[in-house]
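Notebook open, model loaded. I want to go through helix packing, sheets and cysteines, one entry at a time.

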Amino acid sequence: MLDKQTVSAYLDRISADRPRRLDADALRHLHERHVLSVPFDNLDYHRGGDIQMDERAVDKIVHQRRGGLCGEINTAFYLLLASMGFDVTLHQGRVHVPGGGTTAPYHHVVMTVAVGGTRWIADIGFGKSSRRPLLLDRDKPQTDPHGEFTTRRLDRRSVEVLRNGTPLYILYEEPVELADFHQTMWWYRTSPDSPFLQTLVCSLPLENGWVILRDDLLTVVSGEQKRTEKLADDAAVLDAYEKWFEMKLEKRPVPTPYTNDSLRFSFDSD
């Protein structure tokens, strides 16, 4: 677990207030601040960095002011919530892929949080995930700034999460450990078939929009307006990382040579 100093630094990193009570409002505040503060990116998959699912993920986010995919940012958020005293449980999921079907098990890290007898899905690591936590068992759609979300129970052990009617992933309710994901994370990091090696992307929601940097292609969505531009050179790309994501990188990340459009997951804001 995280010590008090690290928890305080984490809250500063995401510009979050320290909760007076561990209630649903506190969870909602922490979840929303995290989504709006920490980029969703796969830079280290292309740069050769290790994907850490322990306190080192917290260090990357808090002290290096970086982001990551679900294996890192959901791990870090899980450690933050647990260290603050929330009743949080780790789960694994299968992700729906373009063209139909799902991935194998343990391809998504997600968690639930029990507050006052109610269970919430907390997931800050799924591209365009919900800005706020979702009720685990609710028949009606849940309105969120990032769309209309539905948590549809498939059976006694699994719940499917949908956004605007499109299935995103299936959450399995059996508790798991972080170590259970190590083999999957190794495959994502090293296999030419890994969807995270098919495109270089960094994204972050805005209060009323979204910003996405795909290699040297910058897209900014603000309200109903959408602007896309191809950045001129390495310096412009590095400036974009610093301006939009507060990342000060010494060298421009470049994509791996793998390409297979059928393997890509959706990182878009649409």
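**Helices**

In what hand does H2 pass H5 in their crossing? I looked, and the crossing is right-handed. Note to self before going on: this is a predicted model.

I pulled the geometry for that pair next. Helix H2 covers residues 24-37 and helix H5 covers residues 70-84; they pack at about 150°, and their axes are 12 Å apart. Angles over 145 degrees count as roughly antiparallel, therefore I put H2 and H5 down as roughly antiparallel to each other. I then listed who makes the contact. From H2 come Leu27, Leu30, His31 and His34, and from H5 come Ile73, Phe77, Leu81 and Met84.

H5 has another helix packed on it, so to speak, and I checked that pair too: helix H4 (residues 55-62) packs with H5 at an angle of about 100°, the axes being 8 Å apart. That puts H4 roughly perpendicular to H5. On the H4 side I noted Glu55, Ala57, Val58, Lys60 and Ile61, which meet Glu72, Ile73, Ala76 and Leu79 in H5. Ile73 of H5 is in the H2 contact and also in the H4 contact.

**The sheet of eight strands**

I traced the order as E5-E4-E3-E2-E9-E8-E7-E6, an open sheet with antiparallel pairing. Which strands stand at the edges? They are E5 (134-135) and E6 (138-144); each has a single partner strand, so one side of each has no neighbour in the sheet.

I followed the E6 end a little further. E6 pairs with E7 (residues 147-155) in the antiparallel sense, over four bridges. Asp144 is found opposite Gly147 of E7. Then I went back to H2: this helix packs on the sheet and touches E3 (108-115) and E4 (118-122), and its direction makes about 5° with that of E4. H5 lies across E2 (87-95), E3 and E4, running at about 20° to E3. I note that E3 and E4 turn up for H2 and again for H5.

**The sheet of five strands**

This one is open as well, with antiparallel pairing and the order E1-E10-E11-E12-E13. Its edge strands are E1 (40-41) and E13, each pairing on one side only.

I spent some time on the E13 end. How many bridges join E12 to E13? I get six, between antiparallel strands, with E12 at residues 217-222. Thr219 stands opposite Thr228 in E13, and Val221 has Lys226 of E13 as its bridge partner. The hairpin these strands form has two residues between them, and Gly223 there takes a positive phi near 65°. I also checked how covered E13 (residues 225-230) is: hardly, since I find zero buried residues among its six.

**Cysteines**

How many disulfides does the model have? The count is zero. Why is Cys70 not bonded to Cys202? The Cys70 sulfur has its closest cysteine sulfur in Cys202, and at 16 Å that is too far for a bond; the cut-off is 2.5 Å. Cys202 is in no disulfide either, with the Cys70 sulfur as its nearest.

Last check of the day: are these cysteines buried or exposed? Cys70 is buried, with a relative accessible area of 5%. Cys202 counts as buried too, because its relative accessibility is 0%.

Notes: Residues are numbered from 1 along each chain as its sequence is written. This is a predicted model: local features need pLDDT of at least 70, side-chain atom pairs count only at pLDDT 80 or more; totals for chains, interfaces and linings use all residues. Side-chain values use heavy atoms; hydrogens and water are left out. Buried means under 20% relative accessible area, exposed over 50%, partly exposed in between (1.4 Å probe, protein chains only). Two strands pair if DSSP finds at least two bridges between them. Axes are lines fitted to C-alpha atoms, for helices over the stretch in contact, and angles run from 0 to 180 degrees between N-to-C directions. Angles under 35 degrees count as roughly parallel, over 145 as roughly antiparallel, 65 to 115 as roughly perpendicular and the rest as oblique. A crossing is left-handed if the near helix is turned anticlockwise from the far one by less than a right angle, and right-handed if clockwise. Contact means heavy atoms within 4.5 Å.
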